[in-house]
Amino acid sequence: MGNSGLKQHYEVAKKTGTLNLSHRNLNEFPQQLGSLVAFLRTLNLSDNKFSRLPLEIERFTLLKQLNVSANRLTELPDVIGALLKLESLNASANQICTLPMSLSKLTHLKQVNLSDNRITEFPQMFCGLKHLDVLDLSHNRLTAVPDGARELHVIELNLNQNQITILSDQLADCPRLKTLRLEENCLQLEAIGRRILEDSNISMLAVEGNLFEMKRFPDAEGYDKYMERYTAVKKKMF
């Protein structure tokens, strides 16, 4: 897209509040982007070459949706905590190892996708965010889900394709958790605690591809209670 085309692109963004800069080979913010601070609600920077997210991102305080997926990010800057209106964050398919505690300030977050990164520690900064519905941490390098995860308010937690061996049974205390995805991890059957099966609100528990045969799953203590919830939800769907 030439300069005239880009100029028109930015003029449209001022009216719509939406700017798509994906697939542009960007590794820094275009100079013109600063003129949109007072307008942008949605910014798509996916499929570029950012190795770090420019600190100027903190100026875009009206953003509700930010997509920085499929870049080369190894971390998110602490200033991302300034985006207080953010509802959707997609930073999947990067090389992120650590996350800033400032994410805990983003109390309007509803969806967070951090799949396909290199995260090793469970990100407890998302605990306590009462509007967060979906947290996708699939395809990372997590080995444990700690007790602190009980403070999550998510409806769906995706932990597929990690290296999890330890699963806190205090996940049963998550007030809204209905779907828990744990496929292709390193869990023994005994690691799936009775409370998760018997005392939680979880009605969809995906555990295929772990270190036990699925035919043994019904032998787990509390399985019958879990199946009651699972069946009740299925009946409502049909």
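This report walks through the fold, the surface, the salt bridges and two backbone details of a predicted model.

## Overall layout

Let's start with the chain as a whole. It holds three helices and 11 strands. Following the sequence from its start, the order of elements is α-β-β-β-β-β-β-β-β-β-β-α-β-α. In other words, a helix opens the pattern, and a run of strands comes before the next helix. A strand and then a helix close the pattern.

If you are setting up a box, the C-alpha atoms occupy roughly 65 × 30 × 30 Å along the principal axes. As for contacts between residues at least 6 apart in sequence, 34% of them connect residues that are at least 24 apart.

## Surface and charge

How much of the chain is buried? Of its 238 residues, 47% fall into that class. The exposed surface of the chain comes to about 12,000 Å², and carbon and sulfur atoms contribute 46% of that area.

On the charge side, there are 29 positive and 28 negative side chains. The centres of these two sets are 9 Å apart.

## Salt bridges

How many salt bridges does a search of the whole structure find? The search gives 11, and a few of them are worth a visit here.

One that spans the sequence pairs Arg216 with Glu190, with an N to O distance of 3.4 Å. These two residues are 26 apart and tie together distant parts of the chain. Arg216 belongs to the loop between β11 (204-206) and α3 (223-237), while Glu190 belongs to the loop between β10 (179-181) and α2 (194-198). Are the two partners buried or exposed? Glu190 is exposed, because its relative accessible area of 59% is over the 50% cut-off. Arg216 has a relative accessible area of 32%, so it counts as partly exposed.

Another pair is Asp199 and Arg194, whose closest N and O atoms are 3.4 Å apart. This bridge is part of something wider: Asp173, Arg194, Arg195, Glu198 and Asp199 form one network through salt bridges with shared partners. Asp199 is partly exposed at 38% relative accessible area, and Arg194 is also partly exposed, at 31%.

A third example joins sequence neighbours, Arg150 and Glu151. Here the closest N and O atoms are 3.8 Å apart, which is within the 4 Å limit for a salt bridge. Both side chains sit in the partly exposed class: Glu151 has a relative accessible area of 40%, and Arg150 has 33%.

## Two positive phi angles

The backbone offers two details to check in your viewer. Asp47 is not a glycine, yet its phi is positive, at about 55°. You can find Asp47 in the loop between β2 (42-44) and β3 (65-67). Its relative accessibility is 34%, so Asp47 is partly exposed.

Ala93 is the other case, again a residue that is not a glycine but has a positive phi of about 55°. Where is Ala93 found? Its place is the loop between β4 (88-90) and β5 (111-113). With 29% relative accessibility, Ala93 is partly exposed; the value is not under the 20% that would make a residue buried.

Methods. Residues are numbered from 1 along each chain as its sequence is written. This is a predicted model: local features need pLDDT of at least 70, side-chain atom pairs count only at pLDDT 80 or more; totals for chains, interfaces and linings use all residues. Side-chain values use heavy atoms; hydrogens and water are left out. A salt bridge is a side-chain nitrogen of Lys or Arg within 4 Å of a carboxyl oxygen of Asp or Glu. Buried means under 20% relative accessible area, exposed over 50%, partly exposed in between (1.4 Å probe, protein chains only). Helices (H or I, at least four residues) and strands (E, at least two) are DSSP runs, numbered from the N terminus. Contact means heavy atoms within 4.5 Å. Accessible areas come from the Shrake-Rupley method with a 1.4 Å probe; for residues, only the protein chains shown count as cover. Lys and Arg count as positive and Asp and Glu as negative; His and the chain ends are not counted. The place of a charge is taken as NZ of Lys, CZ of Arg, CG of Asp or CD of Glu.
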